[in-house]
Amino acid sequence: MAYAAQYTVSAPKVSFFADLKAKYALYKEFRKTVSELSDLTNRELADLGLSRSGIKGLAIETVYGK
């Protein structure tokens, strides 16, 4: 008994790589925002109305809009 199989390999879509690049750019912006806010002193954060525990949440909200 013989079996026949046909495999189709398609080239990756350009939009996949464009989306990946855009997501990486957003991630880099997120890390930069967290880093810059983390460099501030507690007093400077308090002047801005922030606490250390809220840095990542603020960065997510700012960069990703969530």
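1. In which helix does Glu29 lie? Glu29 lies in helix H1. The structure discussed here is a predicted model, and the values below were computed from it. At 40% relative accessibility, Glu29 counts as partly exposed, because that value falls between the limits of 20% and 50%. The C-alpha atoms of Glu29 and Val63 are 6.9 Å apart in space, while the two residues are 34 residues apart in sequence. Val63 also belongs to the largest nonpolar core, which is taken up in point 3.

2. On the overall fold, the protein contains 3 helices and 0 strands, and the pattern read along the sequence is α-α-α. Of its 66 residues, 12% are buried. The accessible surface comes to about 6,000 Å², and carbon and sulfur atoms hold 58% of that surface. Among contacts with a separation of 6 or more, 40% join residues that are 24 or more positions apart.

3. The largest nonpolar core has 7 residues in all: Phe30, Val34, Leu37, Leu45, Ile55, Ala59 and Val63. Helix H1, spanning 14-38, and helix H3, spanning 55-64, each supply at least two residues of this core. Membership requires burial, that is, under 20% relative accessible area, and Phe30 is therefore eligible at 10%. One of the core residues, Val34, is in contact with Ile55, Lys56 and Ala59 once its neighbours within four places in sequence are left aside. Of these partners, Ile55 and Ala59 are themselves listed in the core.

4. Thr33 deserves a separate remark. This residue is found in helix H1 and is buried, with a relative accessible area of 17%. Not counting residues up to four places away in sequence, Thr33 touches Ala59 and Val63. Both of these partners are members of the largest nonpolar core. Thr33 is not named in that core; the reason is that the core is drawn from a set of residue types, namely Ala, Val, Leu, Ile, Met, Phe, Trp, Tyr and Cys.

5. At the surface, Tyr24, Leu26, Tyr27, Ile60 and Tyr64 make a nonpolar patch of about 480 Å². H1 and H3 each supply at least two of the residues in this patch. The largest share, 3 residues, comes from H1. Tyr64, one of the patch residues, lies in helix H3 and counts as partly exposed at 33% relative accessibility. Patch residues need over 30% relative accessible area, so Tyr64 meets that condition at 33%. Tyr27 is likewise partly exposed, with a relative accessible area of 42%.

6. The structure holds 3 aromatic pairs. In one of them, the ring centres of Phe16 and Phe17 are 5.2 Å apart with planes at 75°, so the pair is edge-to-face. Phe16 is partly exposed at 49% relative accessibility, and Phe17 is partly exposed at 47%. Tyr27 and Phe30 form a tilted pair, with 6.4 Å from centre to centre and 35° between the planes. The label follows because 35° lies neither under 30 degrees nor over 60. The separation of Tyr27 and Phe30 is about one helical turn, because they are 3 residues apart in helix H1.

7. How are Tyr27, Phe30 and Tyr64 linked into a cluster? Ring pairs join these three residues. The cluster includes residues of both groups described above: Phe30 is listed in the largest nonpolar core, whereas Tyr27 and Tyr64 are listed in the nonpolar patch. The accessibilities agree with this, since Phe30 is buried at 10%, while Tyr27 is partly exposed at 42% and Tyr64 is partly exposed at 33%.

8. A final point concerns the segment after H3, where Lys66 lies. Lys66 is exposed, with a relative accessible area of 73%, because this value is over 50%. Leaving aside its neighbours within four places in sequence, Lys66 is in contact with Ile60 and Glu61. Ile60 is also one of the residues that make the nonpolar patch.

Conventions: Residues numbered from 1 in each chain as written. Predicted model: local features only at pLDDT ≥ 70, side-chain atom pairs only at ≥ 80, totals over all residues. Heavy atoms only, no water. Core = buried A, V, L, I, M, F, W, Y, C linked by side-chain atoms within 4.5 Å. Buried < 20%, exposed > 50% of the residue type's maximum accessible area, 1.4 Å probe, protein only. Helix = DSSP H or I, 4+ residues; strand = E, 2+ residues; numbered from the N terminus. Contact = heavy atoms within 4.5 Å. Patch = residues over 30% accessible without salt bridge, like charges linked within 9 Å, V, L, I, M, F, W, Y side chains within 5 Å. Areas by Shrake-Rupley, 256 points an atom, 1.4 Å probe, with all protein chains shown as cover. Salt bridge = Lys/Arg side-chain N within 4 Å of Asp/Glu carboxyl O. Phe/Tyr/Trp six-rings, centres within 6.5 Å; stacked < 30°, edge-to-face > 60°.
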